[in-house]
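Here's a walk through the fold, starting in the middle and working outwards. Have the model open alongside.

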Amino acid sequence: MSAPPELPPLVSAALSLSGRRGFVSSTRNETGRLLATLAASRTGTVGELGTGCGVGSAWLRSGVAEGTKIVTAESDPELAKAVAELFAADERIEVVEADWTALIERGPFSLLFVDAREAKLSARDVVAEVVEPGGFVVLDDFTPSAVWPPMYEGRVDTLRQEWLQDKRFTTVEVMVAADAAVLLATRR
């Protein structure tokens, strides 16, 4: 994939925090660039379910327009505190120390990055309620599938299939690297 090798400073800082904390499942740069691009078209509130070390939030921040706010939830108190310190100088990013469900009341969202495993598995109905019509939902960490129904490790990937067939969204699988795909859904 062609992309400039330079990373936004806030993304580099979040990746550094991730390395220091031994956090190995941060948002990939390819996904991050997609998040930044989508965020550039959004206004209002952008959300992230599952902060981790803040890499996804940093990518969102690198793209958002003036006046757009980012709110992200992290259930691990120590991690939430570390990320809040990382973003302390930026009033447009709010880190909530709570389970992803705490963000439900913060909607509607113009873009929602669903990065918490539990939210990916069980939150489609909730997401449909808190994303504004025309708003984007991004789910990452998929292995590309070239067949229908989508397969993963020899079995039907029911999570991906359900998102791709949900009538409340128009959803597409987008390869961001040879070994990585995201689901990009637009709320109808």
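Gly-47 of β1 sits opposite Val-71 in β2. This is a predicted model, so read what follows with that in mind. The pairing between β1 (residues 45-49) and β2 (residues 69-74) is parallel and rests on five bridges. To get from β1 to β2, the chain goes by way of helix α3 (residues 55-63), and this β-α-β crossover is right-handed.

On to the other partner of β1. Strand β4 also runs parallel to β1, joined to it by four bridges. Here Glu-48 has Phe-113 of β4 as its bridge partner.

So how covered is β1? Five of its five residues are buried. In a regular strand, side chains alternate between the two faces of the sheet. For β1, one side carries Thr-45, Gly-47 and Leu-49, the other carries Val-46 and Glu-48, and all of them are buried. Glu-48, then, is a buried residue that also takes part in the bridge to Phe-113.

Zooming out, β1 belongs to an open sheet of seven strands, ordered β3-β2-β1-β4-β5-β9-β8, with mixed pairing. The edges are β3 and β8 (169-177); each has a single partner strand, so one side of each is left without a neighbour in the sheet. On average, neighbouring strands here are turned by 20° against each other, if you ignore direction. Further along the sheet, β4 and β5 are parallel too, paired over five bridges, and Leu-111 finds its bridge partner in Phe-136 of β5.

Now for the helices. Helix α4 lies across β2 and β3, and runs at about 165° to β3. Which way does α1 run relative to α4, roughly parallel or roughly antiparallel? The axes of α1 (residues 9-21) and α4 (residues 77-86) come within 11 Å and cross at roughly 150°, which makes the two helices roughly antiparallel. The contact is built from Leu-10, Ala-13, Ala-14, Leu-17 and Arg-21 on the α1 side, and from Glu-78, Leu-79, Ala-82, Val-83 and Leu-86 on the α4 side. As for handedness, α1 passes α4 in a right-handed crossing.

Finally, a few backbone details worth a look. Two peptide bonds leading into prolines are cis:

| Peptide bond | Conformation | Omega |
|---|---|---|
| Gly-107 to Pro-108 | cis | near 5° |
| Trp-148 to Pro-149 | cis | near -5° |

Pro-108 lies in the loop between β3 (93-97) and β4 (109-114). Pro-149 belongs to the loop that links β5 (131-142) and β6 (151-152).

Then there are positive phi values in residues other than glycine. Asp-141 has a phi of about 70° and is part of strand β5. Is Asp-141 buried or exposed? Its relative accessibility is 56%, so Asp-141 counts as exposed. Glu-153 has a positive phi as well, near 50°, but this residue is found in the loop between β6 and β7 (155-156). With a relative accessible area of 67%, Glu-153 is exposed. Set that beside Glu-48, which is buried in β1.

Terms used
Residues numbered from 1 in each chain as written. Predicted model: local features only at pLDDT ≥ 70, side-chain atom pairs only at ≥ 80, totals over all residues. Heavy atoms only, no water. Buried < 20%, exposed > 50% of the residue type's maximum accessible area, 1.4 Å probe, protein only. Pairing = 2+ DSSP bridges. Right-handed = clockwise from strand over helix to strand, strands pointing away. Axes fitted to C-alpha atoms, helices over the stretch in contact; angles between N-to-C directions. Parallel < 35°, antiparallel > 145°, perpendicular 65-115°, else oblique. Left-handed = near helix turned anticlockwise from the far one by under 90°. Contact = heavy atoms within 4.5 Å.
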